[in-house]
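Subject: Structure handover

Hi,

Here is the structure, with the sequence alongside. My notes follow below it.

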Amino acid sequence: MTELLQQIISNPAYNDEGKALIGKAFDFAETAHRGQKRLSGEDYINHPLHAAYFLSELGLDAVTVAGALLHDTVEDTPLNSKLIQEQFGKEVAFLVDGVTKLGKIEYASRDGLNKKDMDYARHLSSLKKMFFAMAEDIRVILIKLADRYHNMETLRYQNKQDQQRIALETLEIYAPIAGRLGMGRLKGQLEDLAFPYVYPDEYSKFVKMVKDKYADTNKYIERTKPVIKKHLTDAGIEVLDMHSRSKHYFSLYQKLKNRNLELDKVFDLVAMRVIVPDIKSCYEALGVIHKYYKPFPGLIKDYIALPKPNGYQSLHTTIFCEKGRVVEIQIRTEDMHDHAENGIAAHWAYSEGGKKKVTIADKYEIQWISQLKKFLKETKLGESFTNLKIDFFKNRIFAFTPKGDVKDLPEGATPIDFAYAIHSDLGHSVTGAKVNGKMVPLEFGLKNGDVVEIIKGKNKKPSFDWLEFVKTTEAKRRIKSWFRENEVKNKSAEKDLPTRNKVKKKADYVEKVSIPGIPVIQGQRGLLYKIAKCCRPEVGSKIKGYMTINRGVSIHLATCKNIKDVAGKRIMSAGWAIKK
């Protein structure tokens with residue numbers, strides 16, 4: 001019995017039955033893989049053993065750990081799933097079978113497919129199997145993530161081409177999956193392991209640039225922690241733990257690159273974490289910290305009242321700390337911290353004696369998997385793989401209806417995306433939108449926590465202009481579908497239907513749909529409007545819009561007496577489209 005296996009078996013989360021199952025799985029896997037070597041030269045059994053250890057450290061149940069030990073036996077040895085089921089039962093066999101299927105990537109065999117098409121077909125086929133398996137039992141993907149994590153730790157033994165391929169796949173697929181499952185620590189680890197292989201030159205320069213800054217900030221945080229802790233304990237707040245969290249390299253690299261920031265402007269390079277017993281203590285601790293240190297304006301975030309889409313909860317505040325240095329402090333309970341680190345895996349954790357603590361994940365944490373299945377079913381070979389990354393792997397936000405219903409959307413989604421996420425008919429009928437009670441353009445980028453009110457008209461008529469700014473594939477599909485369906489009813493609409501052959505770039509698109517005489521309202525073409533009879537504005541005249549209750553926007557001359565007498569909130573800027 002290896003030292004690593006002893007550590008797994010000694011985990012108090014497993015009762016005698018669980019320990020026996022894990023021991024039996026190891027013996028079975030060790031025998032099956034005997035004589036096999038990895039590229040590093042070590043015995044193959046070390047790979048499934050490391051994957052199993054990773055899952056046991058997360059507190060996963062004995063069945064999952066056994067599945068991890070056996071996950072390569074069907075694919076890489078003469079054994080079959082029937083034998084696994086006979087020896088270990090249906091549940092273990094199902095997990096092993098699920099992981100095995102993910103390892104078999106099928107290439108499309110259509111005539112005429114070029115290499116790019118084949119790569120996409122390979123990705124799509126693999127992803128479909130992965131997420132269908134996830135939907136049946138989330139533990140399948142947890143084993144796969146553990147498998148990928150150890151493979152990334154030993155990636156140096158692969159040839160350069162395979163290093164690049166595996167690392168890029170990890171960045172684009174596996175790390176974002178870990179993020180969507182709330183497994184923040186694993187996401188960061190996978191990204192940092194992939195970083196030097198995908199961007200070797202950037203990685204080398206980046207590490208040299210930040211190395212000293214990390215060291216200096218860590219030293220400062222360590223010196224400051226006792227001061228903060230004393231303030232809290234003197235106020236009667238129990239502090240269960242205080243520690244620091246260094247921002248992962250790849251996360252920092254992206255932040256600096258995407259936001260054009262300087263290193264000195266990143267205040268969460270090393271954050272201080274304060275773990276307290278309950279939610280009440282979280283807010284009390286925040287109050288005490290603000291009593292002694294001024295908060296940085298605009299950088300107080302309450303993720304307890306409004307969790308992130310992956311379930312993350314914590315209070316964040318950025319303060320002018322000792323000697324005036326700016327520091328981020330994160331305050332949370334033990335359960336919140338466990339979820340922040342391990343995400344959905346925390347729901348499978350076992351307490352001592354093998355009794356489950358939690359069995360059902362929050363509905364919003366797993367709802368996206370069902371949405372992803374639907375997306376993959378409808379995705380065709382010709383559609384961009386980028387759509388998948390935008391729709392499901394980009395940073396997510398929660399936006400709310402006025403009644404409090406929540407919609408999970410990609411960051412930067414618009415009111416049009418929001419409307420189509422509720423219902424196709426609502427999307428087709430949009431004439432305007434309010435966000436947090438204020439009128440906004442339809443291309444407005446929504447933020448986490450926004451309350452969105454959709455203003456709908458009687459006529460269902462989307463605009464092709466919306467395709468320029470909507471973010472979700474669902475919205476794009478529904479808009480195009482509406483015009484395809486109505487093309488049959490009205491042949492004249494055919495000229496407005498942009499296809500891959502007709503519209504290849506934005507300039508061509510503007511040429512076809514930007515028609516003189518059409519009002520542009522709040523920078524938007526295609527909104528429902530009518531020309532006011534009182535002043536009958538003509539093309540070229542200065543105009544303004546008035547948002548009616550249910551008939552869209554009424555277009556008036558800017559000098560019209562009726563428009564001047566109206567309350568300002570319903571007045572909208574307007575002009576005339578110009579053919580280019």
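Helices (H or I, at least four residues) and strands (E, at least two) are DSSP runs, numbered from the N terminus. His316 is found in strand β4. More on that residue below.

First, the ground rules. This is a predicted model, with residues numbered from 1 along each chain as its sequence is written. Local features need pLDDT of at least 70, side-chain atom pairs count only at pLDDT 80 or more, totals for chains, interfaces and linings use all residues, and side-chain values use heavy atoms, with hydrogens and water left out.

**Overview and confidence**

The protein has 580 residues, and 48% of them are buried. Buried means under 20% relative accessible area, exposed over 50%, partly exposed in between (1.4 Å probe, protein chains only). There are 22 helices and 15 strands. The accessible surface is about 29100 Å², with 50% of it on carbon and sulfur atoms. Those areas come from the Shrake-Rupley method with a 1.4 Å probe; for residues, only the protein chains shown count as cover.

Contact means heavy atoms within 4.5 Å. Of the contacts with a separation of 6 or more, 65% are between residues 24 or more positions apart.

pLDDT is the predictor's confidence in each residue, from 0 to 100. Its mean here is 78, and 77% of residues reach 70 or more. Over residues 350–365 it is below 50; this stretch has 33 contacts in the model beyond near neighbours in sequence. Residues 379–392 also stay under 50, and there the model has 45 contacts beyond four places in sequence. Where pLDDT is low, the predicted coordinates should not be read in detail.

**Around β5**

Two strands pair if DSSP finds at least two bridges between them. Strand β5 covers residues 326–333, and seven of its eight residues are buried. Strand β2 (residues 270–276) runs parallel to β5, joined by five bridges. Within that pair, Met272 has Ile329 as its bridge partner. Strand β4 (residues 315–320) runs antiparallel to β5, joined by six bridges. Here Thr317 stands opposite Ile329. β4 and β5 form a hairpin with five residues between them. In the turn, Lys323 has a positive phi of about 60°.

**Two residues in β4**

Is His316 buried or exposed? It counts as buried because its relative accessibility is 9%. Its side chain makes a polar contact of 2.6 Å with the side chain of Tyr312. A polar contact is a pair of N or O atoms within 3.5 Å; within protein, one must be able to donate a hydrogen and the other to accept it, and residues adjacent in sequence count only if both atoms are side-chain atoms. Not counting residues up to four places away in sequence, His316 touches Leu299, Ile300, Lys301, Tyr303, Glu328, Ile329, Gln330 and Arg332. The C-alpha atoms of His316 and Ile331 are 6.5 Å apart, with the two positions 15 residues apart along the chain counted as their separation.

Thr317 also lies in strand β4. Thr317 is buried, because its relative accessible area is 0%. Which side chain does the side chain of Thr317 meet in a polar contact? That of His290, at 2.7 Å. Beyond four places in sequence, the contacts of Thr317 include Leu286, Pro295, Val327 and Glu328.

**Two open sheets**

One open sheet has five strands in the order β11-β15-β13-β14-β12, with mixed pairing. Its edge strands are β11 (519–521) and β12 (529–531), each paired on one side only. The twist averages 35° from one strand to the next. Axes are lines fitted to C-alpha atoms, for helices over the stretch in contact, and angles run from 0 to 180 degrees between N-to-C directions. β11 pairs with β15 (residues 571–576) in the antiparallel sense, over three bridges. Pro519 has Trp576 in β15 as its bridge partner.

Another open sheet has three strands in the order β9-β8-β10, with antiparallel pairing. The edge strands are β9 (438–440) and β10 (452–456), each paired on one side only. Strand β8 (residues 430–435) and β10 are joined by five bridges. Val430 stands opposite Lys456 in β10. Helix α18 (residues 415–422) lies across β8, β9 and β10, running at about 80° to β10.

Best wishes
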